[in-house]
Amino acid sequence: MMLLNKLLSNPGGEKALLNFFQENIKYPAAALKDDVHVRVIVKFVVRSGGKVVSPVILKGVSPALDA
């Protein structure tokens with residue numbers, strides 16, 4: 001395993017990364033209905049091909065929102 005100590009960037013820039021998150025985050029219907037806004041902190045590894053692996057919830061809210 002090789003560790004890099006450099007900040008990686010998304011090929012499309014920060015705007016493309018934020019768009020990706022907006023399109024792919026699955027928010028529970030009940031939380032949307034109740035207008036619940038929270039912050040969940042996730043640690044993950046991005047492989048050289050761009051695949052995300054080993055996600056871990058570092059700071060969650062509830063099992064329904066952390067899933």
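**Entry 1: contacts and overall layout**

I began with contacts in the protein between residues at least 6 apart in sequence, and I noted that 18% of them join residues at least 24 apart. I should say right away that this is a predicted model. Next I looked up the secondary structure, and I found three helices and two strands. Reading from the N terminus, I wrote down the order α-α-β-β-α.

**Entry 2: surface and burial**

How much of the protein is buried? I found that buried residues account for 4% of the 67 residues. I also looked up the accessible surface, which comes to about 6,400 Å². Carbon and sulfur atoms own 59% of that surface.

**Entry 3: a nonpolar patch**

Then I went looking for nonpolar side chains on the surface. I found a patch formed by Leu17, Leu18, Phe20, Phe21, Ile25, Tyr27, Leu32, Val38 and Val61. Together they have about 790 Å² of accessible area. Which element gives the patch its largest share? I traced that share, four residues, to helix α1, residues 13-24.

I picked Phe20, which lies in helix α1, for a closer look. Its relative accessibility is 46%, so I put Phe20 down as partly exposed.

**Entry 4: a salt bridge**

How many salt bridges does the structure hold? I counted one. In it, the side chains of Lys33 and Asp34 meet at 3.9 Å, N to O. A reminder to myself: side chains of opposite charge can pair when their charged atoms come close. I checked the surroundings too, and both Lys33 and Asp34 are exposed.

**Entry 5: the hairpin**

My next stop was the pair of strands. Strand β1 covers residues 41-46 and strand β2 covers residues 52-59. They pair in the antiparallel sense, over five bridges. Across the pair, I saw Val45 standing opposite Val53 in β2. Between the strands of this hairpin I found five residues, and Gly50 takes a positive phi near 100 degrees.

**Entry 6: two positive phi angles outside glycine**

Where does Asp35 sit? I located Asp35 in the loop between α2 (29-33) and β1. Asp35 is not a glycine, yet its phi is positive, at about 55 degrees. With a relative accessible area of 53%, Asp35 is exposed.

Ser54 also caught my eye, with a positive phi of about 55 degrees although it is not a glycine. I found Ser54 in strand β2. Is Ser54 exposed or partly exposed? Its relative accessibility is 47%, so I noted Ser54 as partly exposed.

How values were computed: Residues numbered from 1 in each chain as written. Predicted model: local features only at pLDDT ≥ 70, side-chain atom pairs only at ≥ 80, totals over all residues. Heavy atoms only, no water. Salt bridge = Lys/Arg side-chain N within 4 Å of Asp/Glu carboxyl O. Buried < 20%, exposed > 50% of the residue type's maximum accessible area, 1.4 Å probe, protein only. Patch = residues over 30% accessible without salt bridge, like charges linked within 9 Å, V, L, I, M, F, W, Y side chains within 5 Å. Areas by Shrake-Rupley, 256 points an atom, 1.4 Å probe, with all protein chains shown as cover. Contact = heavy atoms within 4.5 Å. Pairing = 2+ DSSP bridges.
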